[in-house]
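Reader: I would like to discuss the charged side chains of this model and their exposure. Please reason from the coordinates shown.

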Amino acid sequence: MCIRDRNKVVAEQQTDIESKTSKIAEVEKVVRAHMEEIERIKSHIQKTHTDIFAKRMEQQKYADRKYEIECDIDDVGKKIRRTNENINAMKKVIEGHKKICKKEDAHKKLLSEEIHELEQNLDEIKKQTEEIRFEMSKQKEIS
């Protein structure tokens with residue numbers, strides 16, 4: 001083989017190498033672009049996971065607060081029932097005192113004073129009941 005033929009072969013090989021090097025560079029650009037896209041997607045997935053976790057924590061916080069309010073409402077309901085029972089018991093006591101007053105004139109003045117005091121207590125209990133109902137309605141509005 002002569003030098004010209006060898007130079008021609010070397011030139012062809014050089015051209016082939018340059019062509020392959022250029023293709024490798026293009027492939028590397030594409031690979032880098034894909035890697036950047038993958039990193040961007042990973043970052044987006046991490047942010048989404050963080051957002052989901054934060055929302056779950058917030059939902060749990062609201063669920064806990066809702067449970068606390070429901071417990072408070074139950075407590076207020078129990079207090080109202082007890083207060084109503086007390087009111088009914090007081091009504092019975094007042095009625096009993098009224099009957100005694102009718103039967104025993106000698107004790108009339110003393111018993112009427114006791115009735116008055118019991119009625120004041122009843123009014124106070126009614127006020128407290130109204131206050132409890134008002135608090136309960138406020139708590140229901142909050143929830």
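The exchange below concerns a predicted model and takes up salt bridges, charged patches and one pair of residues in turn.

Reader: How many salt bridges are counted in the model?
Author: Side chains of opposite charge can pair when their charged atoms come close. The cut-off applied is a Lys or Arg side-chain nitrogen within 4 Å of a carboxyl oxygen of Asp or Glu. K20 and D16 satisfy this at 3.3 Å, N to O. By this rule, the count is eight.

Reader: What is the distance between the closest N and O atoms in the salt bridge of E37 with R40?
Author: Both residues belong to helix α1, where they are three residues apart, about one turn of the helix. E37 is partly exposed, because its relative accessible area is 35% and partly exposed lies between 20% and 50%. The closest N and O atoms of the pair are apart by 2.4 Å.

Reader: Which residue forms a salt bridge with R133?
Author: R133 lies in helix α2, and its partner is located three residues away in that helix, about one turn. R133 itself is partly exposed, at 37% relative accessibility. The closest N and O atoms are 3.3 Å apart, and the partner is E130.

Reader: Which residues form the negative surface patch?
Author: One of its members, D123, lies in helix α2. D123 has a relative accessible area of 41% and is therefore partly exposed. The patch is made up of E119, D123, E124 and E131.

Reader: How far apart in space are I52 and S19, C-alpha to C-alpha?
Author: I52 is found in helix α1, which covers residues 3-103. In sequence, I52 and S19 are 33 residues apart. Their C-alpha to C-alpha separation in space is 49 Å.

Technical notes
Residues are numbered from 1 along each chain as its sequence is written. This is a predicted model: local features need pLDDT of at least 70, side-chain atom pairs count only at pLDDT 80 or more; totals for chains, interfaces and linings use all residues. Side-chain values use heavy atoms; hydrogens and water are left out. Helices (H or I, at least four residues) and strands (E, at least two) are DSSP runs, numbered from the N terminus. Patches are made of residues with over 30% relative accessible area and no salt bridge: like charges are joined within 9 Å, nonpolar side chains (Val, Leu, Ile, Met, Phe, Trp, Tyr) within 5 Å. Accessible areas come from the Shrake-Rupley method with a 1.4 Å probe; for residues, only the protein chains shown count as cover. Lys and Arg count as positive and Asp and Glu as negative; His and the chain ends are not counted. The place of a charge is taken as NZ of Lys, CZ of Arg, CG of Asp or CD of Glu. Buried means under 20% relative accessible area, exposed over 50%, partly exposed in between (1.4 Å probe, protein chains only).
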